[in-house]
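Trainee: I would like to learn how to read a protein model. Can we go through one together?

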Amino acid sequence: MAIALITREVSSQEVDGLSANLALRQETGGSSKLSPDTGGGKAVDFRVDATDVTMHFATSDKIADTDPYWYVKLDDVYLVQTVEIFSRRNCCPGHMGTIEVRVGKSLNDDGGRTNPLCGEPKNMNNIPKHTFRCERYGRYVTVKKTDIPVQYHLIFLEVLVNKEPTLNVAFGKTTSHSSTFRDVSGSDKAVDGTHLAFNSRRGLPPHWCMIDLGETIPIVKIFLLHTHRIFALKKMILTIGDISTDHGKDNPRMGGVHDFSKSYTTTLYNNPRMSGRYATIESLIMEDEIIFMEIELYSESMPFIKERTGLGSHSVPLYHGYQNVLPCHSYGHPAPYIAWVSEGVVLQNRTSDQDTNLVVVANGTKGTTTDYECWASNIHGKDLYSITATHTGRYDMCIKPEEVRDPSRNRFSKQDTTKEIQNDRDSFDASKMYSFFNPLSSLYMKLATSCPSTSSCGTGAPGWLPDGHPKPEDGMVRRKVCFHYDGNCCYKALYIDVINCPGMYVYGLVNTVFDFAARYCLEDDKKSKSPLLC
(Lines give C-alpha, C1' and ligand atoms only; values in the text may rest on other atoms or scores of the structure.)
Protein backbone atom coordinates (compact mmCIF):
# COMPACT_ATOMS: atom_id res chain seq x y z
CA MET A 1 0.00 0.00 0.00
CA ALA A 2 1.53 3.33 -1.04
CA ILE A 3 1.22 6.59 0.85
CA ALA A 4 -0.67 9.22 -1.13
CA LEU A 5 1.99 11.93 -0.74
CA ILE A 6 1.41 14.22 -3.71
CA THR A 7 4.33 16.46 -4.58
CA ARG A 8 5.33 18.75 -7.40
CA GLU A 9 7.72 21.63 -7.81
CA VAL A 10 6.02 24.92 -7.02
CA SER A 11 7.59 28.34 -7.36
CA SER A 12 7.15 30.83 -4.53
CA GLN A 13 5.33 34.03 -5.24
CA GLU A 14 8.02 36.47 -6.37
CA VAL A 15 7.15 39.17 -3.86
CA ASP A 16 9.75 39.96 -1.23
CA GLY A 17 8.00 40.38 2.10
CA LEU A 18 5.60 37.45 2.26
CA SER A 19 5.31 37.05 6.01
CA ALA A 20 3.49 33.69 6.40
CA ASN A 21 6.29 31.42 7.60
CA LEU A 22 7.09 29.38 10.73
CA ALA A 23 10.12 31.43 11.83
CA LEU A 24 8.41 34.81 12.01
CA ARG A 25 8.77 36.45 15.45
CA GLN A 26 9.95 33.20 17.06
CA GLU A 27 12.67 32.80 19.70
CA THR A 28 16.22 33.02 18.35
CA GLY A 29 19.77 32.60 19.58
CA GLY A 30 23.32 32.44 18.32
CA SER A 31 27.00 32.27 19.09
CA SER A 32 27.45 36.06 19.35
CA LYS A 33 26.28 39.40 17.99
CA LEU A 34 28.23 42.25 16.51
CA SER A 35 26.34 44.93 18.43
CA PRO A 36 23.16 45.31 20.52
CA ASP A 37 21.37 46.32 17.31
CA THR A 38 22.21 43.12 15.35
CA GLY A 39 20.73 40.39 17.57
CA GLY A 40 19.16 37.15 16.36
CA GLY A 41 15.61 38.53 16.38
CA LYS A 42 16.47 40.86 13.49
CA ALA A 43 16.46 37.80 11.19
CA VAL A 44 12.80 36.95 11.90
CA ASP A 45 11.23 40.42 12.10
CA PHE A 46 9.68 40.67 8.59
CA ARG A 47 12.19 43.25 7.35
CA VAL A 48 13.26 41.69 4.04
CA ASP A 49 12.83 45.11 2.42
CA ALA A 50 15.04 46.91 4.96
CA THR A 51 18.29 48.67 4.08
CA ASP A 52 19.03 50.19 7.50
CA VAL A 53 22.31 48.90 8.94
CA THR A 54 20.56 47.86 12.20
CA MET A 55 17.95 45.67 10.49
CA HIS A 56 20.11 42.56 10.03
CA PHE A 57 21.71 39.83 12.13
CA ALA A 58 25.50 39.73 12.47
CA THR A 59 27.91 37.84 14.71
CA SER A 60 31.11 39.21 16.19
CA ASP A 61 34.25 39.48 14.08
CA LYS A 62 36.18 36.36 13.03
CA ILE A 63 38.67 36.68 15.90
CA ALA A 64 36.04 36.74 18.64
CA ASP A 65 33.78 34.09 17.01
CA THR A 66 35.60 31.51 14.89
CA ASP A 67 32.59 29.19 14.31
CA PRO A 68 29.55 31.50 14.17
CA TYR A 69 25.98 30.25 14.07
CA TRP A 70 22.38 31.42 14.46
CA TYR A 71 19.23 29.44 15.25
CA VAL A 72 15.47 29.85 15.52
CA LYS A 73 13.25 27.80 17.82
CA LEU A 74 9.91 27.08 16.12
CA ASP A 75 6.74 26.98 18.21
CA ASP A 76 6.51 23.18 17.76
CA VAL A 77 8.11 20.30 15.85
CA TYR A 78 7.50 20.57 12.08
CA LEU A 79 8.48 18.92 8.85
CA VAL A 80 10.88 21.60 7.61
CA GLN A 81 10.81 21.71 3.81
CA THR A 82 12.21 25.12 2.86
CA VAL A 83 14.58 27.57 4.56
CA GLU A 84 14.97 30.82 2.63
CA ILE A 85 17.84 33.12 3.56
CA PHE A 86 18.03 36.78 2.43
CA SER A 87 21.42 38.44 2.14
CA ARG A 88 22.00 41.95 3.43
CA ARG A 89 21.20 44.34 0.57
CA ASN A 90 23.34 47.37 1.21
CA CYS A 91 26.64 45.86 2.27
CA CYS A 92 29.15 43.11 2.01
CA PRO A 93 27.94 41.08 -1.02
CA GLY A 94 31.08 38.95 -0.93
CA HIS A 95 31.07 38.25 2.80
CA MET A 96 28.37 35.56 2.95
CA GLY A 97 30.60 32.66 1.94
CA THR A 98 29.31 29.08 1.98
CA ILE A 99 26.21 28.75 4.17
CA GLU A 100 24.62 25.56 5.49
CA VAL A 101 21.32 24.90 7.27
CA ARG A 102 20.72 22.20 9.87
CA VAL A 103 17.43 21.01 11.41
CA GLY A 104 16.78 18.93 14.53
CA LYS A 105 14.58 18.38 17.57
CA SER A 106 17.18 19.82 19.97
CA LEU A 107 20.26 22.05 19.98
CA ASN A 108 22.58 19.22 21.14
CA ASP A 109 24.60 21.60 23.38
CA ASP A 110 26.26 23.08 20.28
CA GLY A 111 23.57 25.36 18.90
CA GLY A 112 22.32 22.65 16.54
CA ARG A 113 25.50 22.71 14.46
CA THR A 114 25.66 18.89 14.33
CA ASN A 115 22.01 18.37 13.45
CA PRO A 116 21.22 16.85 10.01
CA LEU A 117 21.78 19.06 6.97
CA CYS A 118 18.84 20.65 5.18
CA GLY A 119 19.78 20.60 1.52
CA GLU A 120 23.33 21.19 0.35
CA PRO A 121 25.69 23.99 1.50
CA LYS A 122 25.50 27.00 -0.79
CA ASN A 123 28.03 29.73 -1.62
CA MET A 124 25.85 32.84 -1.19
CA ASN A 125 28.41 35.43 -2.20
CA ASN A 126 26.82 38.11 -4.41
CA ILE A 127 23.34 36.51 -4.50
CA PRO A 128 20.34 38.21 -2.85
CA LYS A 129 18.68 35.07 -1.47
CA HIS A 130 18.70 31.29 -1.60
CA THR A 131 16.20 28.57 -0.64
CA PHE A 132 17.48 25.39 1.03
CA ARG A 133 15.12 22.42 0.44
CA CYS A 134 14.79 19.27 2.51
CA GLU A 135 12.40 17.13 4.55
CA ARG A 136 13.69 17.26 8.11
CA TYR A 137 11.50 16.85 11.20
CA GLY A 138 12.58 19.26 13.91
CA ARG A 139 12.00 22.34 16.01
CA TYR A 140 15.37 24.07 15.69
CA VAL A 141 16.73 25.55 12.45
CA THR A 142 20.41 26.48 12.59
CA VAL A 143 22.32 28.58 10.04
CA LYS A 144 26.12 28.47 10.04
CA LYS A 145 29.18 28.88 7.84
CA THR A 146 30.69 25.76 6.32
CA ASP A 147 34.29 26.89 6.06
CA ILE A 148 36.03 27.08 9.45
CA PRO A 149 37.84 29.22 10.49
CA VAL A 150 35.72 31.94 8.96
CA GLN A 151 37.05 34.75 6.80
CA TYR A 152 34.16 37.11 7.63
CA HIS A 153 31.50 37.11 10.32
CA LEU A 154 28.05 35.54 9.77
CA ILE A 155 25.64 38.18 8.47
CA PHE A 156 22.23 38.03 6.79
CA LEU A 157 18.95 39.94 6.64
CA GLU A 158 16.10 37.45 7.13
CA VAL A 159 15.33 33.71 7.44
CA LEU A 160 11.96 32.24 6.37
CA VAL A 161 11.00 28.66 7.24
CA ASN A 162 8.27 26.85 5.26
CA LYS A 163 7.06 30.03 3.61
CA GLU A 164 3.53 29.57 2.25
CA PRO A 165 4.19 28.77 -1.43
CA THR A 166 0.77 29.72 -2.81
CA LEU A 167 -0.49 33.08 -4.03
CA ASN A 168 -1.40 35.76 -1.49
CA VAL A 169 -4.55 37.02 -3.24
CA ALA A 170 -4.69 40.14 -1.05
CA PHE A 171 -1.28 41.44 -2.13
CA GLY A 172 -1.52 44.90 -3.70
CA LYS A 173 -5.32 44.92 -3.75
CA THR A 174 -7.53 47.97 -3.18
CA THR A 175 -8.34 48.63 0.48
CA SER A 176 -10.47 50.96 2.57
CA HIS A 177 -10.51 51.76 6.28
CA SER A 178 -12.35 53.55 9.07
CA SER A 179 -9.56 56.02 9.88
CA THR A 180 -5.79 56.34 9.93
CA PHE A 181 -3.36 57.45 12.61
CA ARG A 182 -1.39 59.41 10.02
CA ASP A 183 -1.27 59.74 6.22
CA VAL A 184 1.41 57.03 5.87
CA SER A 185 -0.50 54.43 7.91
CA GLY A 186 -3.41 53.67 5.58
CA SER A 187 -4.86 50.20 5.06
CA ASP A 188 -2.89 49.81 1.81
CA LYS A 189 0.18 49.31 4.04
CA ALA A 190 -1.34 46.02 5.26
CA VAL A 191 -1.23 44.48 1.78
CA ASP A 192 2.01 45.89 0.37
CA GLY A 193 4.48 43.20 1.48
CA THR A 194 6.60 45.62 3.57
CA HIS A 195 7.14 46.27 7.27
CA LEU A 196 4.95 49.41 7.11
CA ALA A 197 1.62 49.03 8.95
CA PHE A 198 -2.02 50.06 8.89
CA ASN A 199 -2.97 51.99 12.02
CA SER A 200 -6.47 53.34 12.71
CA ARG A 201 -6.92 56.44 14.87
CA ARG A 202 -7.93 56.12 18.52
CA GLY A 203 -11.17 57.84 19.43
CA LEU A 204 -12.72 57.41 15.98
CA PRO A 205 -14.71 54.13 16.18
CA PRO A 206 -15.55 51.77 14.66
CA HIS A 207 -12.11 50.45 13.70
CA TRP A 208 -12.01 48.36 10.55
CA CYS A 209 -10.09 47.56 7.40
CA MET A 210 -11.64 46.10 4.20
CA ILE A 211 -9.82 44.47 1.27
CA ASP A 212 -11.42 44.40 -2.20
CA LEU A 213 -10.12 41.30 -3.99
CA GLY A 214 -11.62 42.48 -7.31
CA GLU A 215 -13.63 39.29 -7.78
CA THR A 216 -15.26 36.55 -5.70
CA ILE A 217 -12.50 34.23 -4.47
CA PRO A 218 -12.70 31.24 -2.10
CA ILE A 219 -10.47 31.75 0.97
CA VAL A 220 -8.95 28.87 2.96
CA LYS A 221 -6.31 30.70 5.00
CA ILE A 222 -5.82 34.12 6.57
CA PHE A 223 -2.46 35.17 8.00
CA LEU A 224 -2.16 38.28 10.16
CA LEU A 225 1.00 40.00 11.33
CA HIS A 226 0.47 42.34 14.27
CA THR A 227 2.79 44.98 15.65
CA HIS A 228 2.79 46.93 18.92
CA ARG A 229 -0.33 47.39 21.10
CA ILE A 230 -1.57 43.86 20.37
CA PHE A 231 -3.59 44.03 23.61
CA ALA A 232 -6.08 46.12 21.64
CA LEU A 233 -6.93 43.12 19.44
CA LYS A 234 -8.89 41.13 22.05
CA LYS A 235 -12.29 41.22 20.32
CA MET A 236 -12.00 41.01 16.55
CA ILE A 237 -14.38 39.74 13.87
CA LEU A 238 -13.67 38.80 10.27
CA THR A 239 -16.24 38.76 7.48
CA ILE A 240 -15.95 37.47 3.92
CA GLY A 241 -18.60 37.99 1.25
CA ASP A 242 -19.80 40.01 -1.73
CA ILE A 243 -21.41 42.92 0.15
CA SER A 244 -19.36 46.13 0.19
CA THR A 245 -21.82 48.54 1.86
CA ASP A 246 -21.16 49.40 5.52
CA HIS A 247 -17.66 47.91 5.15
CA GLY A 248 -19.17 44.46 4.58
CA LYS A 249 -20.46 44.07 8.13
CA ASP A 250 -23.43 42.01 6.90
CA ASN A 251 -21.20 39.46 5.16
CA PRO A 252 -20.85 36.02 6.76
CA ARG A 253 -18.50 35.86 9.73
CA MET A 254 -15.43 33.68 9.74
CA GLY A 255 -15.90 31.98 13.11
CA GLY A 256 -16.98 33.97 16.15
CA VAL A 257 -15.18 36.68 18.10
CA HIS A 258 -11.39 36.26 17.89
CA ASP A 259 -8.67 37.22 20.36
CA PHE A 260 -5.49 38.26 18.51
CA SER A 261 -3.81 39.75 21.59
CA LYS A 262 -1.79 36.66 22.61
CA SER A 263 0.73 36.62 19.79
CA TYR A 264 2.26 38.84 17.12
CA THR A 265 1.06 36.43 14.41
CA THR A 266 -2.29 34.74 13.82
CA THR A 267 -3.21 32.07 11.27
CA LEU A 268 -6.87 31.18 10.66
CA TYR A 269 -8.28 28.49 8.38
CA ASN A 270 -11.66 27.97 6.74
CA ASN A 271 -12.91 24.42 6.25
CA PRO A 272 -14.73 24.47 3.91
CA ARG A 273 -13.48 27.62 2.18
CA MET A 274 -15.47 30.86 2.42
CA SER A 275 -16.01 32.80 -0.80
CA GLY A 276 -16.31 36.52 -1.33
CA ARG A 277 -14.92 39.63 -2.94
CA TYR A 278 -14.59 41.64 0.26
CA ALA A 279 -12.71 40.65 3.42
CA THR A 280 -13.11 42.86 6.49
CA ILE A 281 -11.39 42.86 9.88
CA GLU A 282 -13.15 44.88 12.58
CA SER A 283 -12.63 45.51 16.29
CA LEU A 284 -15.51 45.31 18.76
CA ILE A 285 -13.54 47.49 21.18
CA MET A 286 -14.55 51.05 20.43
CA GLU A 287 -12.00 52.99 22.46
CA ASP A 288 -8.77 51.67 20.98
CA GLU A 289 -7.08 51.53 17.58
CA ILE A 290 -6.11 48.48 15.52
CA ILE A 291 -2.70 47.94 13.93
CA PHE A 292 -1.77 45.34 11.31
CA MET A 293 1.59 45.12 9.61
CA GLU A 294 0.33 42.63 7.05
CA ILE A 295 -2.92 40.85 6.11
CA GLU A 296 -2.57 37.89 3.74
CA LEU A 297 -5.36 35.82 2.17
CA TYR A 298 -4.89 32.49 0.44
CA SER A 299 -7.26 30.54 -1.79
CA GLU A 300 -5.00 27.49 -1.61
CA SER A 301 -2.43 26.48 0.98
CA MET A 302 -0.01 23.78 2.04
CA PRO A 303 -1.27 21.33 4.71
CA PHE A 304 -1.24 22.18 8.39
CA ILE A 305 -2.10 19.49 10.96
CA LYS A 306 -4.47 20.81 13.62
CA GLU A 307 -3.48 18.63 16.58
CA ARG A 308 -0.21 20.38 17.45
CA THR A 309 0.16 21.16 21.16
CA GLY A 310 2.91 23.78 21.03
CA LEU A 311 4.91 21.69 23.50
CA GLY A 312 7.45 20.32 21.04
CA SER A 313 6.66 16.70 21.94
CA HIS A 314 3.51 14.65 21.45
CA SER A 315 2.79 11.69 23.72
CA VAL A 316 -0.46 9.84 24.37
CA PRO A 317 -1.48 6.78 26.42
CA LEU A 318 -2.76 3.55 24.87
CA TYR A 319 -5.09 1.77 27.29
CA HIS A 320 -4.80 -2.00 27.20
CA GLY A 321 -7.67 -3.84 25.54
CA TYR A 322 -9.51 -0.75 24.36
CA GLN A 323 -9.99 0.91 21.00
CA ASN A 324 -7.75 3.96 21.35
CA VAL A 325 -8.23 6.78 18.86
CA LEU A 326 -5.25 8.82 17.68
CA PRO A 327 -6.57 12.09 16.17
CA CYS A 328 -5.14 13.75 13.07
CA HIS A 329 -6.84 16.40 10.93
CA SER A 330 -5.34 18.82 8.44
CA TYR A 331 -6.21 22.19 7.02
CA GLY A 332 -5.20 23.12 3.50
CA HIS A 333 -6.46 23.22 -0.06
CA PRO A 334 -6.63 21.13 -2.17
CA ALA A 335 -7.88 18.82 0.58
CA PRO A 336 -4.83 16.95 1.87
CA TYR A 337 -4.37 13.20 1.91
CA ILE A 338 -3.81 11.78 5.42
CA ALA A 339 -1.64 8.69 5.91
CA TRP A 340 -0.76 6.94 9.20
CA VAL A 341 2.57 5.12 9.36
CA SER A 342 4.25 3.08 12.13
CA GLU A 343 7.65 1.40 11.87
CA GLY A 344 7.65 1.93 8.11
CA VAL A 345 4.25 0.27 7.60
CA VAL A 346 1.29 2.21 6.21
CA LEU A 347 -1.65 1.61 8.56
CA GLN A 348 -4.23 3.89 6.96
CA ASN A 349 -4.45 6.18 3.94
CA ARG A 350 -7.44 8.48 3.41
CA THR A 351 -8.48 11.84 2.05
CA SER A 352 -9.15 14.58 4.57
CA ASP A 353 -12.89 14.57 3.89
CA GLN A 354 -13.04 11.07 5.44
CA ASP A 355 -12.46 9.93 9.05
CA THR A 356 -8.69 10.41 9.33
CA ASN A 357 -8.33 9.35 12.97
CA LEU A 358 -6.45 6.10 13.60
CA VAL A 359 -8.09 3.45 15.81
CA VAL A 360 -5.55 1.30 17.70
CA VAL A 361 -6.44 -1.71 19.85
CA ALA A 362 -3.67 -1.74 22.44
CA ASN A 363 -2.20 -5.08 23.46
CA GLY A 364 1.42 -4.17 24.19
CA THR A 365 3.34 -4.59 27.41
CA LYS A 366 2.68 -1.90 29.99
CA GLY A 367 5.36 0.80 29.87
CA THR A 368 6.48 0.12 26.31
CA THR A 369 6.07 2.71 23.56
CA THR A 370 5.09 2.73 19.88
CA ASP A 371 5.74 5.61 17.48
CA TYR A 372 3.08 6.70 14.99
CA GLU A 373 3.39 9.27 12.18
CA CYS A 374 0.53 11.16 10.60
CA TRP A 375 1.43 12.57 7.15
CA ALA A 376 -0.68 15.22 5.41
CA SER A 377 0.09 16.16 1.81
CA ASN A 378 -1.29 18.06 -1.16
CA ILE A 379 0.28 19.59 -4.28
CA HIS A 380 1.69 22.51 -2.25
CA GLY A 381 3.60 20.59 0.41
CA LYS A 382 3.47 18.22 3.34
CA ASP A 383 3.09 18.22 7.09
CA LEU A 384 4.05 15.60 9.66
CA TYR A 385 2.75 14.97 13.16
CA SER A 386 4.64 12.35 15.17
CA ILE A 387 3.13 10.70 18.26
CA THR A 388 4.77 8.49 20.88
CA ALA A 389 2.13 6.20 22.45
CA THR A 390 2.80 4.56 25.82
CA HIS A 391 1.02 1.30 26.67
CA THR A 392 -0.78 1.60 30.02
CA GLY A 393 -3.02 -0.53 32.24
CA ARG A 394 -6.70 -1.09 31.58
CA TYR A 395 -7.93 1.20 34.38
CA ASP A 396 -5.00 3.60 34.72
CA MET A 397 -7.16 6.45 33.46
CA CYS A 398 -9.12 6.39 36.74
CA ILE A 399 -6.00 7.13 38.79
CA LYS A 400 -5.59 10.87 39.43
CA PRO A 401 -7.16 12.33 36.29
CA GLU A 402 -6.63 16.04 35.60
CA GLU A 403 -9.40 17.77 37.56
CA VAL A 404 -11.03 20.83 35.95
CA ARG A 405 -12.80 23.14 38.43
CA ASP A 406 -14.84 25.51 36.30
CA PRO A 407 -18.48 26.23 37.20
CA SER A 408 -18.94 28.20 33.97
CA ARG A 409 -19.06 24.86 32.14
CA ASN A 410 -22.34 24.01 33.85
CA ARG A 411 -25.24 24.00 31.39
CA PHE A 412 -27.12 26.48 33.56
CA SER A 413 -24.26 28.97 33.32
CA LYS A 414 -25.19 31.42 30.57
CA GLN A 415 -22.82 33.18 28.20
CA ASP A 416 -21.56 36.50 29.56
CA THR A 417 -21.91 38.85 26.60
CA THR A 418 -19.36 41.24 28.13
CA LYS A 419 -16.64 38.58 27.94
CA GLU A 420 -15.01 36.67 25.13
CA ILE A 421 -16.95 33.59 23.97
CA GLN A 422 -15.34 30.49 25.49
CA ASN A 423 -13.78 27.95 23.14
CA ASP A 424 -12.15 24.53 23.60
CA ARG A 425 -9.90 24.89 20.57
CA ASP A 426 -6.77 24.46 22.72
CA SER A 427 -8.08 23.47 26.17
CA PHE A 428 -7.09 19.80 26.42
CA ASP A 429 -4.03 17.57 26.12
CA ALA A 430 -4.60 14.27 24.30
CA SER A 431 -2.15 12.55 26.66
CA LYS A 432 -4.33 13.26 29.74
CA MET A 433 -7.70 12.14 31.14
CA TYR A 434 -10.04 14.72 32.69
CA SER A 435 -12.70 14.92 35.39
CA PHE A 436 -14.84 17.99 36.09
CA PHE A 437 -15.81 19.39 39.49
CA ASN A 438 -18.22 22.19 40.36
CA PRO A 439 -16.92 24.05 43.46
CA LEU A 440 -20.25 25.85 43.81
CA SER A 441 -22.23 22.65 44.38
CA SER A 442 -19.34 20.46 45.64
CA LEU A 443 -20.31 17.83 43.07
CA TYR A 444 -18.50 16.27 40.17
CA MET A 445 -19.94 17.16 36.78
CA LYS A 446 -20.65 14.98 33.75
CA LEU A 447 -21.24 15.86 30.13
CA ALA A 448 -24.82 16.94 29.46
CA THR A 449 -26.98 14.15 28.05
CA SER A 450 -29.68 16.36 26.51
CA CYS A 451 -29.29 19.22 24.07
CA PRO A 452 -28.29 22.45 25.89
CA SER A 453 -29.34 25.86 24.65
CA THR A 454 -26.81 27.64 22.46
CA SER A 455 -26.10 30.21 25.18
CA SER A 456 -25.13 27.58 27.75
CA CYS A 457 -21.69 26.95 29.27
CA GLY A 458 -20.21 30.28 28.21
CA THR A 459 -20.08 29.45 24.53
CA GLY A 460 -22.07 29.61 21.31
CA ALA A 461 -21.98 25.87 20.55
CA PRO A 462 -22.24 23.64 23.66
CA GLY A 463 -21.26 19.97 23.33
CA TRP A 464 -23.31 17.10 24.80
CA LEU A 465 -23.57 13.27 24.80
CA PRO A 466 -26.58 12.04 22.80
CA ASP A 467 -25.92 8.37 23.67
CA GLY A 468 -25.40 8.84 27.40
CA HIS A 469 -22.68 7.52 29.70
CA PRO A 470 -21.34 3.98 30.08
CA LYS A 471 -21.93 1.64 33.02
CA PRO A 472 -18.98 0.69 35.25
CA GLU A 473 -18.78 -2.77 33.69
CA ASP A 474 -18.51 -1.25 30.18
CA GLY A 475 -14.98 0.02 30.83
CA MET A 476 -13.75 2.79 28.53
CA VAL A 477 -15.99 3.45 25.53
CA ARG A 478 -16.09 5.79 22.55
CA ARG A 479 -18.90 8.33 22.57
CA LYS A 480 -20.06 10.91 20.06
CA VAL A 481 -20.26 14.50 21.32
CA CYS A 482 -22.74 16.69 19.43
CA PHE A 483 -22.40 20.48 19.32
CA HIS A 484 -25.56 22.59 19.23
CA TYR A 485 -25.14 25.42 16.73
CA ASP A 486 -27.29 27.34 14.25
CA GLY A 487 -30.48 25.64 15.49
CA ASN A 488 -29.12 22.11 14.97
CA CYS A 489 -28.50 20.04 18.13
CA CYS A 490 -25.85 18.04 16.27
CA TYR A 491 -24.45 20.59 13.80
CA LYS A 492 -20.95 19.13 14.27
CA ALA A 493 -19.67 16.09 16.18
CA LEU A 494 -16.46 14.77 17.72
CA TYR A 495 -15.62 11.45 19.37
CA ILE A 496 -14.14 11.13 22.85
CA ASP A 497 -13.25 8.41 25.39
CA VAL A 498 -15.41 7.98 28.51
CA ILE A 499 -15.11 5.67 31.54
CA ASN A 500 -17.33 5.31 34.58
CA CYS A 501 -14.81 5.47 37.43
CA PRO A 502 -15.68 5.18 41.16
CA GLY A 503 -17.42 8.42 42.11
CA MET A 504 -16.98 10.25 38.82
CA TYR A 505 -16.84 10.07 35.03
CA VAL A 506 -13.45 10.51 33.40
CA TYR A 507 -12.99 11.72 29.83
CA GLY A 508 -10.31 11.59 27.18
CA LEU A 509 -11.08 14.76 25.24
CA VAL A 510 -10.03 16.20 21.92
CA ASN A 511 -9.95 19.92 21.20
CA THR A 512 -12.70 21.41 19.07
CA VAL A 513 -11.52 22.06 15.51
CA PHE A 514 -14.44 24.03 14.12
CA ASP A 515 -14.56 27.50 12.57
CA PHE A 516 -16.87 28.67 15.39
CA ALA A 517 -16.54 28.76 19.18
CA ALA A 518 -17.52 25.41 20.72
CA ARG A 519 -17.13 24.02 24.23
CA TYR A 520 -17.92 20.86 26.19
CA CYS A 521 -21.02 21.48 28.33
CA LEU A 522 -21.62 19.70 31.64
CA GLU A 523 -24.18 19.26 34.40
CA ASP A 524 -23.89 18.31 38.07
CA ASP A 525 -23.75 14.57 38.67
CA LYS A 526 -25.95 14.21 41.74
CA LYS A 527 -24.83 10.59 42.18
CA SER A 528 -21.18 11.61 42.50
CA LYS A 529 -19.27 12.12 45.71
CA SER A 530 -17.46 15.25 46.78
CA PRO A 531 -13.69 14.70 46.71
CA LEU A 532 -13.70 16.02 50.30
CA LEU A 533 -15.82 13.03 51.38
CA CYS A 534 -14.04 10.29 49.43
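Mentor: We will take a sheet, a cavity and some disulfides in turn.
Mentor: This is a predicted model, where local features need pLDDT of at least 70, side-chain atom pairs count only at pLDDT 80 or more, and totals for chains, interfaces and linings use all residues. Residues are numbered from 1 along each chain as its sequence is written, and side-chain values use heavy atoms, with hydrogens and water left out.

Trainee: Which are the edge strands of the open sheet of five strands?
Mentor: Strands are DSSP runs of E with at least two residues, numbered from the N terminus. Two of them pair if DSSP finds at least two bridges between them. Here the order is β16-β23-β22-β19-β20, with mixed pairing. Pairing on one side only marks the edge strands, β16 (315–319) and β20 (345–351).

Trainee: In which sense do β16 and β23 pair?
Mentor: Strands of a sheet pair through backbone hydrogen bonds, either parallel or antiparallel. Ser-315 stands opposite Thr-388 in β23. Five bridges join β16 to β23 (residues 381–392), and the sense is parallel.

Trainee: Is β16 largely enclosed or largely open?
Mentor: Check burial, where buried means under 20% relative accessible area, exposed over 50%, and partly exposed in between (1.4 Å probe, protein chains only). Four of the five residues of β16 are buried, so the rest of the structure leaves this strand largely enclosed.

Trainee: How many charged residues are in the lining of the largest cavity?
Mentor: On a 1 Å grid over the protein atoms alone, a cavity is a set of points where a 1.4 Å probe fits but cannot get out; lining residues have an atom within 4 Å of a point. Cys-209, Ile-211 and Thr-280 are among the lining residues. Ala, Val, Leu, Ile, Met, Phe, Trp, Tyr, Cys and Pro count as nonpolar, Asp, Glu, Lys and Arg as charged, and the others, Gly among them, as polar. The lining has eight nonpolar residues, one polar and, for charged, no residues.

Trainee: How many residues apart in sequence are the parts tied together by Cys-328 and Cys-374?
Mentor: The two form a disulfide (cysteine sulfur atoms within 2.5 Å), with their sulfur atoms 1.9 Å apart. Cys-328 lies in the loop between β17 (323–326) and β18 (330–333), and Cys-374 in strand β22, so the pair ties together parts whose separation in sequence is 46 residues.

Trainee: Is the disulfide of Cys-457 and Cys-521 left-handed or right-handed?
Mentor: Both Cys-457 and Cys-521 are buried. The torsion about their S-S bond is about 55°, so the disulfide is right-handed.

Conventions: 1 Å grid on protein atoms, 1.4 Å probe; cavity = no way out; pocket = protein on both sides within 12 Å on 5 of 7 lines; lining within 4 Å.
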